[in-house]
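Visitor: Pick one small part of this model and take me through it closely, please. Then work outward from there, and explain your terms as you go.

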Protein chains: 2
Amino acid sequence: MNETFQALRACFEGELTRVFAARTDIPEPLFSAMKYSLFAGGKRIRPVLCLAFADLFGKKEEAMPFALALEMIHTYSLIHDDLPCMDDDDLRRGRPTCHKVYGEGMAVLAGDGLLNLAFETLLSADLTRPGFLEAARTIAACAGGTGMIAGQCADLEGEKQPSCTEDHVAYIHLNKTARMMMAAGMSGALAGGADPASVRCVEGYCRSLGLAFQIQDDILDLEGTVEELGKNTGHDQKKQTYPRAIGLSASKARAERLFEEAAESLRGLNKKTDFFLELLENLSGRRK
Amino acid sequence: MNETFQALRACFEGELTRVFAARTDIPEPLFSAMKYSLFAGGKRIRPVLCLAFADLFGKKEEAMPFALALEMIHTYSLIHDDLPCMDDDDLRRGRPTCHKVYGEGMAVLAGDGLLNLAFETLLSADLTRPGFLEAARTIAACAGGTGMIAGQCADLEGEKQPSCTEDHVAYIHLNKTARMMMAAGMSGALAGGADPASVRCVEGYCRSLGLAFQIQDDILDLEGTVEELGKNTGHDQKKQTYPRAIGLSASKARAERLFEEAAESLRGLNKKTDFFLELLENLSGRRK
């Protein structure tokens, strides 16, 4: 990733560390279990997208509560996804998953705790500022039963089905992955004071980026190594994925086209969007 | 319960039904799993407390978003508590638990979905009204890693300990049970426009009521029947409970004293609190 990404990431990382240092009122081992997964070396794409779009519209710092909430929600979803009754994964980002270290019950609570803390963080923001309440509502809607959780539901149900259809995969990718990317960009833009037309452009960029990102995940599960990815591979065989639905080379072409569509969405902004174009280039070549 | 309780409960039940009838955008089987547990015949004590205190200060209807969120949070916590990796309960309110009907993975998601929906509901309220943002923040704090989830954590950890201490039990009861009762009363009072001193009285009433309520739960686990309670009994033997810590008769005396302390807390309100006194009487004799 480029320097701007690293700078935004460092800014976010510092604030996340500060917030958690102040939350020693959360008891052990719950606190450690929450921290274990939150500080596990995630890419921080969602908070960086949020801060970068807020910055594009002139108000980077103010979007921090939204960036924090986005990463907490993303992390809780990974903890619950990794549980034996869900994807049953032992490895995440090169380390044992939360339930392998703290037990399944504590992992359920750590996920619940992070989801709740995300909303505590959103509600602690000054929601009277322009765009703030809409930003918080956007994150809540994208994370919930008509967003990310709807995608997780379809993902879980899809494992029971013998066949794999493109429609089903598209639904899962849009909801499980793209919706939280859209929440990231839109909440940042809203907190930054973007007008409705600009928010729609940001939404389109993040939707295409998120869809491309998840197709890459499907491809990497087939082509990547455990060392590169930090998680076990080849366990998507029973899942609804693009490679299963339309084949590997068509999936790669689809991801490329989506990255192009993301770039096109930026044009409507009439702003200096170099960072967001570079991000697409960096992500399109990712191996983890 | 008395007529006022039934009326407030019916009012809440109607609104909850209306809200869910409008949420068919949540996909199956997630939607059914969420509804299954939410409409399982719960007592609705938390939403009724919320609405009743808002009513006491003159604004019953306005507290509805808080009443809805409280019951959604309470229900999600029961779904996750019943999971095999937590309390491993098959029966709740006389019916199979959520994971017995929908599977463990879907039960995790149904709980997550209800927690998220609780905050979607809070954020959809007009948070610019006096007391509303503080009411929402109070619920978020009482439900989270320094409230209810802290209590669940201590409850889970307590099962590993050979001995049972009064301090540990008191911590679990305060956080796991009383905090959400406090959130119920305080959010209602705040939405109703109560002054800070009155909110403190409401907090005290709900704390004592919640603590007494949980001691009763411990006692009923020993003395009640499966038919009366609608859940399996006698499985608290490895748990941290008052009967284990101080004995059965001392526990009964403690619960009675807490009901009296709850009544005393009402005096500071200088209002007609007959409903809240009657509620204590009704609850003190409960067999389920």
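Guide: Burial first: a residue is buried if 20 or more other C-beta atoms lie within 10 Å of its own, exposed if 12 or fewer, and partly exposed in between, with C-beta atoms placed from the backbone. By that count A:Ile246 is partly exposed, since 17 other C-beta atoms lie within 10 Å. Keep in mind that this is a predicted model: local features need pLDDT of at least 70, side-chain atom pairs count only at pLDDT 80 or more, and totals for chains, interfaces and linings use all residues. Residues are numbered from 1 along each chain as its sequence is written, while chains are lettered from A and ligands numbered from 1 in the order in which they are written.

A:Ile246 belongs to helix α12 of chain A, residues 242–246. Helices (H or I, at least four residues) and strands (E, at least two) are DSSP runs, numbered from the N terminus. Leaving out residues up to four places away in sequence, A:Ile246 touches A:Glu166 and A:Ser251. Touching, or being in contact, means that two C-beta atoms, placed from the backbone, lie within 7 Å. There's also A:Thr165, which is 81 residues from A:Ile246 in sequence but 8.4 Å away in space, C-alpha to C-alpha.

Now hop to helix α9 of chain A, residues 166–191, where you'll find A:Ser187. A:Ser187 counts as buried because it has 33 C-beta neighbours inside 10 Å. Its contacts, not counting neighbours within four places in sequence, are A:Cys50, A:Ala63, A:Phe66, A:Ala135, A:Thr138 and A:Ile139. A:Ala140 sits 47 residues from A:Ser187 in sequence and 10 Å from it in space, C-alpha to C-alpha.

One of those contacts, A:Ile139, turns up again in the largest nonpolar core. A nonpolar core is a set of buried Ala, Val, Leu, Ile, Met, Phe, Trp, Tyr and Cys residues joined through C-beta atoms within 7 Å. The largest one has 190 residues, and those touching the most other members are A:Leu30, A:Ala110, A:Ile139, B:Leu30, B:Ala110 and B:Ile139. Look at A:Ala110: beyond four places in sequence, A:Ala110 touches A:Leu30, A:Ala33, A:Met34, A:Ser37, A:Ile79, A:Cys98 and A:Tyr102.

A:Ile79 falls within helix α4 of chain A, which runs over residues 64–82. This helix has 19 residues and reaches 27 Å from first C-alpha to last, close to the 27 Å expected; the expected span is 1.5 Å times one less than the number of residues. With 19 of its 19 residues buried, α4(A) is largely enclosed by the rest of the structure.

Helix α1 of chain B (residues 3–21) makes a good contrast. Its buried residues are B:Leu8, B:Phe12 and B:Leu16. They span an arc of only 70 degrees around the axis, which puts them on the same side of α1(B); the arc is that of the directions from the helix axis to the C-beta atoms. An α-helix has 3.6 residues a turn, so residues three or four places apart point the same way. The buried residues of α1(B) pack against α3 (45–56) and α4 (64–81) of chain B. On the other side of α1(B), exposed residues include B:Glu3, B:Gln6 and B:Arg18.

What about the two chains together? Here 40 residues of chain B are in contact with 40 residues of chain A. Two or more residues apiece come from α2 (30–38), α6 (104–124), α7 (132–143) and α8 (148–158) of chain B, with α6(B) giving the most, 14 residues. Chain B can be laid on chain A with an RMSD of 0.0 Å by a turn of 180 degrees and a shift of 0.0 Å along the axis, the copies being superposed by least squares on C-alpha atoms of residues with pLDDT of at least 70 in both. That is the relation of a two-fold axis. The same surface serves both copies, as 100% of the contact residues of chain B recur in chain A.

Last, some backbone oddities. Most residues other than glycine have a negative phi, and most peptide bonds are trans. The bond from A:Glu28 to A:Pro29 is cis, though, with omega near -5 degrees, and A:Pro29 is in the loop between α1 (3–21) and α2 (30–38) of chain A. Meanwhile B:Arg44, not a glycine, has a positive phi of about 65 degrees. B:Arg44 counts as buried, with 22 C-beta neighbours inside 10 Å.
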